[in-house]
Amino acid sequence: MKQSIFLVALAATLGIFWAPKEALGQNKDILALQRDLYSVGDKVDKFQTNQAQRMEELGTLLKQAMEANAKLSAEMQALQATINRNQAEQQNRMFEPLASMKTSVGELGESVAELKAKLDTMGTRQGKMESSLTRVDGVVNLLYTEAKNPPAAVVPAAPTGPTPEQAATLLFGTARRSLLTGDAATAQKQFIEVLTNYPTTPEAPMAAYEVGLLYEARDQYEDALEAFDRVLEQFGENPMWKDAQFHKADMLANLGKRSEAAGEFNRFALKYPADSRADVAMSRAKELRAPAPAGGKAKAPAGNSKKGKSK
């Protein structure tokens with residue numbers, strides 16, 4: 001811009017010297033125009049210089065703003081990471097006790113179900129024992145009446161005794177009393193005698209079941225399993241079938257036969273869904289299907305207590 005103004009001024013000056021004299025009167029106007037042009041060019045240069053300085057300052061401010069924004073973004077990310085970490089720690093502190101509490105409640109529920117199953121078994125036994133004692137009392141009264149008032153007979157008849165059913169009832173009641181007095185060995189012999197001499201009477205499956213319980217109480221699991229199998233296989237459907245099946249599964253578990261025990265527990269739960277032990281049976285079946293502990297003989301699942309022992 002300055003070069004252009006200079007050339008214009010030079011041309012005007014040369015025109016003054018070489019122009020005719022009649023043009024000299026116009027020199028003042030030309031000079032004034034040249035001064036104005038130079039002043040405008042100088043202002044334009046100053047404006048451009050100021051504009052460049054302002055652009056440079058604006059660029060510096062923009063750079064500082066970008067740096068500040070980047071720093072702020074980094075600080076926000078660090079703050080968010082800290083918040084996330086604190087939230088995760090807080091959740092862990094809350095959820096771990098809740099999970100532990102849930103496990104404890106589940107174990108308590110299993111214990112309650114197992115206790116209820118034992119109480120139901122005891123109630124069933126008590127009812128059967130009362131029924132047996134009633135039958136025994138009836139037979140005793142019958143024998144007493146016959147002994148007190150013997151029928152008249154012209155010809156002496158051969159002596160007659162109680163029927164097999166009555167004899168089985170008497171012998172079973174005697175075995176129960178031996179058991180109640182603490183003489184388990186005598187009771188077991190008497191139960192076996194019922195099985196041997198009166199296998200077709202209603203007391204036979206009950207005697208077999210009691211024999212199984214006595215073997216179980218002494219941890220003779222093989223013999224107990226054989227007795228419970230006898231209840232299930234020899235007598236068909238009978239009042240002791242359900243209890244015998246549950247105890248059979250228990251004995252299989254004690255003997256380390258996990259797959260067979262799981263199958264028995266599962267069949268029990270499916271056949272008797274309304275029984276108080278159905279949930280326990282399903283839980284035991286699930287535990288027994290899990291892989292056995294590494295090394296050594298398979299151990300029976302937790303909660304495998306000696307259920308239904310005679311006292």
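These legends walk you through a predicted model, one view at a time. Residues are numbered from 1 along each chain as its sequence is written, and side-chain values use heavy atoms, leaving out hydrogens and water. In this predicted model, local features need pLDDT of at least 70 and side-chain atom pairs count only at pLDDT 80 or more, while totals for chains, interfaces and linings use all residues.

**View 1. The whole chain is built with 9 helices and 0 strands.** Helices (H or I, at least four residues) and strands (E, at least two) are DSSP runs, numbered from the N terminus. Buried residues (under 20% relative accessible area, 1.4 Å probe, protein chains only) account for 31% of the 311 residues.

**View 2. Here is the largest nonpolar core, with 47 residues.** Such a core is a set of buried Ala, Val, Leu, Ile, Met, Phe, Trp, Tyr and Cys residues joined through side-chain atoms within 4.5 Å. Phe 191, Leu 195, Tyr 209, Phe 228 and Phe 265 touch the most other members. Among the elements giving two or more residues to this core are helix 3 (164-180) and helix 9 (278-289). Helix 5 supplies the largest share, 9 residues.

**View 3. A nonpolar patch on the surface joins Leu 72, Met 76, Leu 79 and Ile 83.** Patch residues have over 30% relative accessible area and no salt bridge (a side-chain nitrogen of Lys or Arg within 4 Å of a carboxyl oxygen of Asp or Glu), and nonpolar side chains (Val, Leu, Ile, Met, Phe, Trp, Tyr) are joined within 5 Å. Together the four have about 370 Å² of accessible area, by the Shrake-Rupley method with a 1.4 Å probe, where only the protein chains shown count as cover.

**View 4. Leu 79 sits in helix 2 (residues 27-148).** Leu 79 counts as partly exposed because its relative accessibility is 47%, between the 20% and 50% limits.

Conventions: Patch = residues over 30% accessible without salt bridge, like charges linked within 9 Å, V, L, I, M, F, W, Y side chains within 5 Å.
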